[in-house]
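This report introduces a protein structure to a reader who has not met it before. It takes up the strands and their pairing, then a pocket, and then the aromatic side chains.

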Amino acid sequence: MDDMDMPEKNINYPAAYIVNGESSTVSVIKLADNTVAETIELMTSPGNMAMWPHHASVFSIFEVSRIAIGVPGTDLSAGHAGNMGGMKGKVLIIDGLKGTIIKNLEVPAMNHNAAFSPDGCEIWTSQMEMEGKVLVFDAQNYTLKNTIRVGMEPAEVTFSADGTKAYVANGGDNTVSVIDPASKAILATIPVGENPVGAWVGFDGKMYLDNEDGQSISVIDVATNAVVQTIPLGFMPGSAAHLASKKELWVTDPDNGQVHFWTLDASGNQWVHGGKFQAGAGAHAVAFTSDGSTAYVTNQLAASVSVLKVADHVKIKDIPVGKKPNGIVIKQ
């Protein structure tokens, strides 16, 4: 199911890759001038149908850059609860420099994302079924290496910053499965809030899990597998992003098109609300540049990406992209 006939591009510059769910495209934003420099089509042929691509992961080393995209085949922009029985998913692997599809891999059930393991040797993707599982594929030959049983209706699969643990948000039973990436053994099953979607990486020894129906963030300590704080939000979160350089936690508010941020209290152990600022309708995913100076927020209902100056939380501009943009990764 590979499509090697796509015209090659030359994305030899720092870029943000925006996954446009409804358009089934990837917009490539050139970071130097914040313009859309390329558009990668994901519906390239009858054999390469990729409907409703969702979240992505990037692995770059030397002159190689690959992007893995989970393709659930259905619109998850209004929320992630429930699944469609019999719906198959896909994993797309894209060459981030050439903009071509390397692999179009069908999986038995709809999936939320596709994530490279920290060493880039494996691709992990969830199966959003009642009897949930995670599939682990070899990133070179795409053969199935492992099937890991997790909780009900698992959504996002992520890894801790140090690469020692993998996390699977089980939306159907309000838990998070913690997995040893090496042995594939379940290390812990952690109760969290209602309908968790993703444990987003923190660079402070924590993971930040957004609970959609619970309207909260569960702060998980990587070392102890314990929830050390539950942050009430008062809105359904889109996603969370930890900014180490400013010691801030950002959470998107899709219904109000805003981003809220939290800062640490005097003890340095608890997060307190610091304020909010405008992004765009359906604000969803956040990505920061490597120096932490600029943030990009996908706006699913506005078909745009907001560029924000991190220092003072001021919007620089909105960039039009495809319809219902959601996932974003940055290559620098």
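Two strands are taken to pair if DSSP finds at least two bridges between them. The structure is a predicted model, and the account below should be read with that in mind.

**The first strands of the chain**

Strand 1 (residues 15–20) and strand 2 run antiparallel and are joined by six bridges. One of the contacts between them sets Tyr17 against Val28, its bridge partner in strand 2. The two strands make a hairpin in which four residues lie between them, and Ser24 in the turn has a positive phi of about 55°.

Strand 2 also pairs with strand 3 (residues 35–41), again antiparallel and again through six bridges. Here Ile29 stands opposite Val36 in strand 3. A hairpin is formed by strand 2 and strand 3 as well, with four residues between them; in its turn, Asn34 has a positive phi of about 55°.

How far is strand 2 enclosed by the rest of the structure? Five of the six residues of strand 2 (residues 25–30) are buried, so this strand is largely enclosed by what surrounds it.

**Two open sheets**

An open sheet of four strands follows the order 8-9-10-11, with antiparallel pairing. Its edge strands are strand 8 and strand 11 (144–149), each of which pairs on one side only. On average, neighbouring strands in this sheet are turned by 20° against each other, direction ignored. Within the sheet, strand 9 and strand 10 (residues 133–138) run antiparallel and share six bridges. Glu122 has Asp138 as its bridge partner in strand 10.

Another open sheet of four strands has the order 20-21-22-23, and its pairing is antiparallel. Why is one side of strand 20 and of strand 23 left without a neighbour in the sheet? Strand 20 (240–243) and strand 23 (271–278) stand at the edges and have a single partner strand each, so one side of each remains without a neighbour. In this sheet the average turn between neighbouring strands is 25°, direction ignored. Strand 20 pairs with strand 21 (residues 248–253) in the antiparallel sense over four bridges, and His242 stands opposite Leu249 in strand 21.

**A buried leucine**

Leu92 belongs to strand 6 (residues 89–95). Its relative accessibility is 0%, and because buried means under 20%, Leu92 counts as buried. The C-alpha atoms of Leu92 and Ala114 are separated by 8.3 Å, while the two residues are 22 apart along the chain.

**The largest pocket**

Rolling a probe the size of a water molecule over the atoms shows where empty space is left. The largest pocket holds about 1,300 Å³ of space. It is lined by 42 residues, of which Val58, Val201, Phe203, Ile328 and Val329 are the closest to its centre.

Several strands contribute to this lining: strand 4 (56–61), strand 8 (114–116), strand 12 (154–159), strand 16 (196–201), strand 20, strand 24 (283–288) and strand 28 (325–331) each supply at least two residues. Strand 4 gives the largest share, five residues. Sorted by class, the lining of the largest pocket consists of 25 nonpolar, 15 polar and two charged residues.

**Aromatic side chains**

The count of aromatic pairs in the model comes to six. Two of them are set out below.

| Pair | Centre to centre | Angle between planes | Arrangement |
|---|---|---|---|
| Trp124 and Phe159 | 5.1 Å | 75° | edge-to-face |
| Tyr208 and Trp271 | 6.0 Å | 80° | edge-to-face |

The pair of Trp124 and Phe159 links distant parts of the chain, as Trp124 lies in strand 9 (residues 122–127) and Phe159 in strand 12, 35 residues apart. Are these two residues buried or exposed? Trp124 is buried, with a relative accessible area of 0%, and Phe159 is buried at 10%.

Distant parts of the chain are likewise linked by Tyr208, in strand 17 (residues 206–211), and Trp271, in strand 23, which are 63 residues apart. Both Tyr208 and Trp271 are buried.

Finally, one aromatic cluster is made up of Trp250, Phe261, Phe277 and Phe288.

How values were computed: Residues are numbered from 1 along each chain as its sequence is written. This is a predicted model: local features need pLDDT of at least 70, side-chain atom pairs count only at pLDDT 80 or more; totals for chains, interfaces and linings use all residues. Side-chain values use heavy atoms; hydrogens and water are left out. Axes are lines fitted to C-alpha atoms, for helices over the stretch in contact, and angles run from 0 to 180 degrees between N-to-C directions. On a 1 Å grid over the protein atoms alone, a cavity is a set of points where a 1.4 Å probe fits but cannot get out, and a pocket is an open set with protein on both sides within 12 Å along at least five of seven lines; lining residues have an atom within 4 Å of a point. Grid points are joined across faces, edges and corners, and a volume is the space filled by probe spheres set on the points. Ala, Val, Leu, Ile, Met, Phe, Trp, Tyr, Cys and Pro count as nonpolar, Asp, Glu, Lys and Arg as charged, and the others, Gly among them, as polar. Rings of Phe, Tyr and Trp (its six-membered ring) pair if their centres lie within 6.5 Å; planes under 30 degrees apart count as stacked, over 60 as edge-to-face and the rest as tilted. Buried means under 20% relative accessible area, exposed over 50%, partly exposed in between (1.4 Å probe, protein chains only).
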